[in-house]
Amino acid sequence: PDQVTAVLRCRRLGPVGRAHGTALLGRKSRVFFFIEISTLKTAKMNIRVATPDDLMNIQHCNLLCLPENYVMKYYMYHSLSWPQVSYIAEDEEKRIVGYVLAKMEEDSEEVPHGHITSVAVKRSCRRLGLAQKMMTQVKRLS
């Protein structure tokens, strides 16, 4: 499966927790990016295709981050219908810190195109470019 691994070294630039960095394109589908932080704390983030085993944690992330929530039945339907276009971001301890749920339109008369159903990143991991990295992976497949 397609997978992106990111190593983050971050420096906070202000009270809102802004960070800066550059993206370096690696081999094939791997993208490595570095962001500097004053503590020089290093965290490894992994972006990969979501699996049915991730659904409980995706729902938990959704409940923490967004006012519009879905029932588990919807996540199951989404996972079974479009398994290749939903991604999660996880930290070194394999905890899900963000997700993108996407779907493809299946109308044969139109040019194939997709939609983003939901995207969220936990507050502690925002402003690191994770949502952008996950969206880039979705766009590659649509």
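What follows is a walk through the predicted model of this protein chain, from its overall layout down to a few individual residues.

Starting with the big picture, the secondary structure adds up to three helices and seven strands. Read from the N terminus, the order of elements is β-β-β-β-α-α-β-β-β-α. The protein chain has 142 residues, and 39% of them count as buried. Its accessible surface is about 8900 Å², with 54% of that belonging to carbon and sulfur atoms. As for how the chain folds back on itself, 64% of the contacts with a separation of 6 or more are between residues 24 or more positions apart.

Confidence varies along the chain. The mean pLDDT is 74, and 68% of the residues reach 70 or more. Helix α1 (residues 55–65) comes out highest, with a mean of 94, while strand β2 (residues 21–25) is lowest, at 39. Throughout residues 1–41 the pLDDT stays below 50, although this stretch still has 99 contacts in the model beyond near neighbours in sequence.

Next comes the interior. In soluble globular proteins, nonpolar side chains tend to be buried together. Here the largest nonpolar core has 17 residues, and the ones touching the most other members are I47, Y87, A89, V97, C125, L130 and M134. At least two residues of this core come from each of β4 (42–49), β5 (87–90), β6 (96–104) and α3 (130–141). Strand β6 gives the largest share, four residues. There is also a second, separate core of twelve residues, with I58, C65, I96 and L101 among them.

I47 is a good residue to look at up close. It sits in strand β4 and has a relative accessible area of 1%, so it counts as buried. Its C-alpha atom is 6.5 Å from that of E90, even though I47 and E90 are 43 residues apart along the chain.

E90 turns up again among the salt bridges, of which there are five. Its partner is R48, and the closest N and O atoms of the two are 3.2 Å apart. Because R48 lies in strand β4 and E90 in strand β5, this pair ties together parts that are 42 residues apart in sequence. Both partners are tucked away: R48 is buried at 17% relative accessibility, and E90 is buried at 3%. The pair also belongs to a network of salt bridges that links R48, D54, E90 and K94.

R95 has salt bridges as well. One is with D91, where the closest N and O atoms are 2.8 Å apart, and another is with E93, also listed at 2.8 Å from N to O. R95 itself is partly exposed, with a relative accessible area of 48%, whereas D91 counts as buried at 12%.

Two more spots round off the tour. S79 belongs to helix α2 (residues 72–81) and, with a relative accessibility of 13%, falls under the 20% cut-off, so it is buried. Leaving aside residues up to four places away in sequence, S79 touches T51, P52 and L55. On the surface, I116, V119 and M135 make up a nonpolar patch with about 200 Å² of accessible area together. Of these, I116 is placed in strand β7 (residues 114–121) and is partly exposed, at 37% relative accessible area.

Notes. Residues numbered from 1 in each chain as written. Predicted model: local features only at pLDDT ≥ 70, side-chain atom pairs only at ≥ 80, totals over all residues. Heavy atoms only, no water. Buried < 20%, exposed > 50% of the residue type's maximum accessible area, 1.4 Å probe, protein only. Contact = heavy atoms within 4.5 Å. Patch = residues over 30% accessible without salt bridge, like charges linked within 9 Å, V, L, I, M, F, W, Y side chains within 5 Å. Areas by Shrake-Rupley, 256 points an atom, 1.4 Å probe, with all protein chains shown as cover. Salt bridge = Lys/Arg side-chain N within 4 Å of Asp/Glu carboxyl O. pLDDT = per-residue confidence, 0-100. Core = buried A, V, L, I, M, F, W, Y, C linked by side-chain atoms within 4.5 Å.
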